[in-house]
Amino acid sequence: MRKTLLPLMFAVALLTGCGSPVLNPVTGQTERSVMSEQDEVAEGAKAHQQVLQEYGVVKDAKVQAYVTNLGQRLAKLSHRDHLQWHFTVLDSPEINAFALPGGYVYVTRGIMAYLQSEAELAGVIGHEIGHVTARHGAQRATRQQDAGLGVLAATLLGAVLESQGMSGAGQLASQASQTAAAGYIASYGREQELQADGLGAEYLARNAYNPRNMVRVIGALRDQERFAVDQARAAGRAAPAGSSWLSSHPSNDARLQQINQLAAQYQGSYSDEGRERYQQVLRGLTFGDSAEQGLVRGQNFYHPGLGIALTAPSGWQIQNDAEQLALFSRAGDAALLVQVAPARAGNTHDQVIRSLLKPSQGNTQRLNLNGLQATRFVGSRATAQGQSQPLDVTLVSGPKNTIYVLRPVARNAGVLRSAGGALAQAQGSFRPLSAAERAAAQAWTIKTVAYPRGGFTELARPSPLPSAEQQLRLINGYYSGGEPKLGQLVKVVE
């Protein structure tokens, strides 16, 4: 639950009529489009501001400058070098990258942690540049108008985002594990993804990077997904739904084979992968959660900026995303959802209940929750279909005059009853952040050290990471096996 709880969505009013012929700079062919290049640039600029509010940016000027310089070098040798390109590192642990029409490209610090070299990062950026140069966003807009849709949602990794509501407990586990930005993504078609792969490989070769680095990127991110599945199985949980860069791209073996074939088309001398330069940039970069957006530490959630803390019941998981904080059961069929009430909803609990919940009937109970003023509302409201929907919501006045909405949800009424004790425990843990908790709420950062004789086992001993040895193998590219050379610089997390 970040300070900014803004659904990342922008509406682009599509041009009326049947569109106009526009030259595609990649294919050299004219295609009908409802978006001119001027439209692409304008809508990309508009959506860019929402992206920045949704995620926030990494404040390290060194990291931003490095990615910008790399992106500009790739874009300069692309098919649309005349665009005013923008490259931004987002302050998110998500393993993701995406592009908006008009030349706006984003990578998260999360994906950067799992890459091993400048050339691999160039492969990710080159792929996203390819989506822009081939006008894939404009093509999606045109197809949507053909289908009779009136608006185009933001193109993220070739995706149309759908807003996430508070209802729908039947899909609770997936809702709780995906953010507004990374979840609910409908990928580009295979043809467009392969075209972006081919363009990425071409832009790598033009910049004297080995195009095979795109293959390495896919391998690294597949390892990351394997790690997530392995961890879930070890904990007796269902495998997580894909929410990484790879999950919104065709990720099967056939695609990997085609990338290999694409890379093999380029022959050249590619000696400098930029591994050392890349490691220098990563030093000091936040790994995992950031203090600005809230940190999950074991069963606890700390948010220094908002001044609050919660504790999940034993066996439950914590998922922090842009719109809400979710404490959900091992089976993913029950959860406590925590959201910030929008300022427009009112300044008092009663105002928020009336404007946000819009109840038709119910009762309020004043509470004291760990020293915080709280109000529980139990009642119902009428749905658009004229049916009665039950409501059980607790409002809490937290520090800094912020009102929080706490709502227990479950797959069905039976699950809600059986999980009632755990849900009450989770809700009862909502508290002001203590001095000791504030001291514990420190972000982890990436460092580099020489690989020791004791290997990853030795490096894992002082590491704060859960499953430290496996995670250290993962972020260094050895999850599938193998070892670095003795003395070789490797990444650790402190």
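**Exercise 1. Which residues do ring pairs link into a cluster with Tyr55?**

Solution. Keep in mind that you are working with a predicted model. Start at Tyr55 and look for its ring partners: ring pairs link Tyr55, Phe98 and Tyr106 into a cluster. Then widen the view, and a search of the whole structure gives nine aromatic pairs.

**Exercise 2. Check whether the length of helix H1 fits its number of residues, then describe the helix.**

Solution. Step one: count. Helix H1 covers residues 37-55, which is 19 residues. Step two: work out the expected span. The rise is 1.5 Å a residue, and it is multiplied by one less than the number of residues, so H1 should span 27 Å. Step three: compare. The C-alpha atoms at the two ends of H1 are 26 Å apart, which agrees with the expected span.

Now look along the helix for buried positions. Among them are Glu40, Glu43, Ala47, Val51 and Tyr55. Tyr55 is also part of the ring cluster from the opening exercise. Finally, step just past the end of H1: there Gly56 has a positive phi of about 80°.

**Exercise 3. Decide whether His131 is buried or exposed, and find a side-chain partner for it.**

Solution. First locate the residue: His131 belongs to helix H4, residues 118-133. Next, take its relative accessible area, which is 3%. The cut-off for buried is under 20%, so His131 counts as buried. Last, look for a partner: the side chains of His131 and His127 are joined by a polar contact of 3.1 Å.

**Exercise 4. Describe how strands E12 and E13 fit together.**

Solution. Begin with E12, residues 317-320. Its covered face holds Ile318 and Asn320, while Gln317 and Gln319 are on the uncovered one. Then turn to E13, residues 325-328: it runs antiparallel to E12, and four bridges join the two strands. One of the residues on the uncovered face, Gln319, has Ala326 of E13 as its bridge partner. Together E12 and E13 make a hairpin, with four residues between them.

**Exercise 5. Work out the strand order of the open three-stranded sheet that contains E20.**

Solution. Reading across the sheet, the order is E8-E20-E21, with antiparallel pairing. The edge strands are E8 (286-287) and E21 (489-493), each pairing on one side only. Now zoom in on E20, residues 444-450, which pairs with E21 over five bridges. Within this pairing, Lys447 has Val492 of E21 as its bridge partner.

For a last look, find Trp444: the charged end of Arg297 sits over its ring, 3.8 Å from the centre.

Methods:
Residues are numbered from 1 along each chain as its sequence is written. This is a predicted model: local features need pLDDT of at least 70, side-chain atom pairs count only at pLDDT 80 or more; totals for chains, interfaces and linings use all residues. Side-chain values use heavy atoms; hydrogens and water are left out. Buried means under 20% relative accessible area, exposed over 50%, partly exposed in between (1.4 Å probe, protein chains only). Rings of Phe, Tyr and Trp (its six-membered ring) pair if their centres lie within 6.5 Å; planes under 30 degrees apart count as stacked, over 60 as edge-to-face and the rest as tilted. A charge sits over a ring if NZ of Lys or CZ of Arg is within 6 Å of the ring centre and within 35 degrees of the ring normal. Two strands pair if DSSP finds at least two bridges between them. A polar contact is a pair of N or O atoms within 3.5 Å; within protein, one must be able to donate a hydrogen and the other to accept it, and residues adjacent in sequence count only if both atoms are side-chain atoms.
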